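Biologist: I'm new to this, so please take a close look at the sheet for me. Keep it simple and go step by step.

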Amino acid sequence: MNSINYNCLNQLIEENPFLNSLGVQLVKFEMGKVVIELPVAPNLINRQEVVHGGVLATMLDNIIALTIRSILDFPVSTISLNINYLANIGEGKLVATAKILQQGYRIVSGEGEITDETGKLLAKGSATFKIMRNS
């Protein structure tokens, strides 16, 4: 039985200095369904006056990992991350969701997407994680 709940997942975000410094917020938690948001702030903007691609990569990596953690009591570590950047955003809010595609004993794969608050698709990604059962 998984003992992860909203408070545990939120604590994972709050205790992650990088996510905390970005301003990532846990919005929704259900087993297998997690939503995080990030308000666009000046520190996230690049020279082209849009959110830096690394911010989107970070959100995709973390939303997939958090979704996995919503059903697993074990930490996970990213093995691979693939991203398709589809549109830019310079203001508003980033909303990230994910789903688990396949789970084995040691490896789990998922995919995620980031939209703006109106639902416009900004980026899609897929990732594979190692389940850290001996941590």
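Modeller: Start with helix α1, residues 6–14, which lies across β1 and β2 and runs at about 150° to β1. (Helices are DSSP runs of H or I with at least four residues, strands are runs of E with at least two, and both are numbered from the N terminus; angles run from 0 to 180 degrees between N-to-C directions, along axes fitted to C-alpha atoms, for helices over the stretch in contact.) Helix α3, residues 53–69, packs on the sheet too, touching β2, β3, β4 (93–103), β5 (107–116) and β6 (121–131), where contact means heavy atoms within 4.5 Å. The direction of α3 makes about 45° with that of β4.

Bear in mind that this is a predicted model: local features need pLDDT of at least 70, side-chain atom pairs count only at pLDDT 80 or more, and totals for chains, interfaces and linings use all residues. Residues are numbered from 1 along each chain as its sequence is written, and side-chain values use heavy atoms, leaving out hydrogens and water.

Now zoom in on β1 and β2 (residues 33–39): they run antiparallel, joined by five bridges. Glutamine 25, for instance, has glutamate 37 in β2 as its bridge partner.

Step back, and you get six strands in an open, antiparallel sheet, ordered β1-β2-β4-β5-β6-β3. (Two strands pair if DSSP finds at least two bridges between them.) The edges belong to β1 (25–30) and β3 (76–85); each has a single partner strand, so one side of each has no neighbour in the sheet. From one strand to the next, the twist averages 20°.
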